[in-house]
Amino acid sequence: MDDARDGPNRALDGAVVGPASGARCLHRVARERDAGPSWWRTAPLDEGVRLRAMAAADRRAGLRERALRHAGPEARVVDVVGDHWTDLPGDVPGDDDEAATRRALSEGATLVWGAALPADHRSGRVGLRCTLAAVPGGGHAPVLVVNHKVVDPRRSRRSAGALVTRLLDWDPAPDPTLRLRRHPADLDRLAHAWHLLDVLGHAAPTPVGAVLGLGSARAVVHDLEPVLPAADRNHATRLAVVRGELATAPSRIGECRTCPWWEGWDDRGTPVEGCRDQLVVADDVSLVVGGGQVGPLRAAGVRTVAELAEAGPERPPDWNGEPFSDAVLRARAHRDGEVVVPKVARPAIPRADIEVDVDLESHLNDGAYLWGVLLTLRDGRRLEAEGYRPFVTWARLPDPDEGRSFAEFWRWLTGIRDRAAGQGRTFRAYCYSRSAENAWMLSTATRFGPDGTSAVVRGVPSVAEVRDFISSPQWVDVHEAVATQFVSTSGLGLKVVAPVSGFHWRDPEAGGEASIGWYRDAQASRGVERDSGRERILAYNEDDVRATRAVREWISSRL
């Protein structure tokens, strides 16, 4: 497990700060400081954040339970294949897990699951929970159990390989098949935990940590030496904010999408002002550009949206990212009350005689359970009935039935493509932002194709077949067509662009995060409630493919 259970900076009033702040803007740290340690009890929690936290907790609990089943029935201290393992689930009222952690370390435990590392007020570090693994030569390394991918398949010798190890037998060795993924938030937490261990006198001789996540059955080892200087500087900056030594101001960044301070909320009848309202009143330039572009603009004297809208063609020094002309156009759209505006004279998108819109639904990293398609016969000639078709599994993922539903989808899609070619008709399939569809097609083919790593399911294509299709001109990313020809004041997601084209979802709560919750409910329910949940997901998926088609037609209508 990692430090997710510690809550948001619980000890801010004691001038300590946690590693979770490393992924937050400094102004958020300041607002939490001013609101007091209990602010989060009434603050709204983003649904996506909640669901990801639940999934991570489920993963930690599942790994713990599987290990305990192998270990034996002992409740608190168990012996795993001859190794001393201390188990601190953290759910027993009145337990002093910090004292138990110290005791386990002093007794030389091989593994401390759910260790509670105490705060260090001298360095200003809040305590946190993680797993601790003994390393050869003495000391322990912090380990995080996470619910995201920590490695990728290694396809090039030029990419960095991954060091992996068993936690009960620490012996890092390179895995030539895996490429390391570095998550800054993971590294920040590992560095924080290593410092706390060092204060206790039980840190490994050299700074090292590991992450047990998706993509590898063994923990992935990280050398912390290169990241400690930057992590320590970030910690010192955050601590200065908590102590009131560094002033902050709001500025919109990507994190604002899930931050409760962005919109504000009602705290038992007392309104909490959101950062967004402050920025709107100030007409702050961060409302229309990325976080990394604000600094160069302000250095050039451009602090408001109105000033950016009147800017000339010359970009400021140190400008990065999108063309400066796009930022100016977005500022003008914001000023004029527009949402999506073209940046080319005649927007276009490839069309075909036979068109198929595709959208998938997945449950976190467990699998893709639904492939929805919408068939449109644009040339008016017969082929088969137009309309929406779902290819779905309701098995609890991961499960080989995921392969069966994907095989049916692939057989139908390639069948339509091949029949179109046989009749001399053009064919294209469309999705909105193909990164998810591509990733799950390749993942499903890897796990269930002819050389499946999980199981071989009849009809699932090879990875090579999938790659041939997704790299062909018959597979069109509508989001890419929008992003290269339009700018938006509210992002270019489907939920933003489709309403501009005139399309609206039937369900007012429709969204990717909401569908994850619906899927969990449908899995846990029975009878009418279960059927209602499944119907809601199918209706949402159908609306997504219809929205994708609406955007395509809207682009074409602007010619």
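Q: What is the pLDDT over residues 71–82, and how many contacts does the model have for this stretch?
A: In this predicted model, pLDDT, the predictor's confidence in each residue from 0 to 100, stays under 50 over residues 71–82, and the stretch has 23 contacts (heavy atoms within 4.5 Å) beyond four places in sequence. Where pLDDT is low, the predicted coordinates should not be read in detail. Local features need pLDDT of at least 70, side-chain atom pairs count only at pLDDT 80 or more, and totals for chains, interfaces and linings use all residues. Residues are numbered from 1 along each chain as its sequence is written, and side-chain values use heavy atoms, with hydrogens and water left out.

Q: Why does Val-476 count as buried or exposed?
A: Buried means under 20% relative accessible area, exposed over 50% and partly exposed in between, with a 1.4 Å probe and protein chains only; Val-476 has 9% relative accessibility and therefore counts as buried. Leaving aside neighbours within four places in sequence, Val-476 is in contact with Ile-349, Pro-350, Arg-428, Ala-429, Tyr-430 and Cys-431.

Q: What makes H16 and H17 roughly parallel or antiparallel to each other?
A: Helix H16 (residues 512–524) and helix H17 (residues 527–557) pack with their axes 8 Å apart, at an angle of about 155°. Angles under 35 degrees count as roughly parallel, over 145 as roughly antiparallel, 65 to 115 as roughly perpendicular and the rest as oblique, so H16 and H17 are roughly antiparallel. The axes are lines fitted to C-alpha atoms over the stretch in contact, and angles run from 0 to 180 degrees between N-to-C directions; helices are DSSP runs (H or I, at least four residues) numbered from the N terminus.

How values were computed: Helix = DSSP H or I, 4+ residues; strand = E, 2+ residues; numbered from the N terminus.
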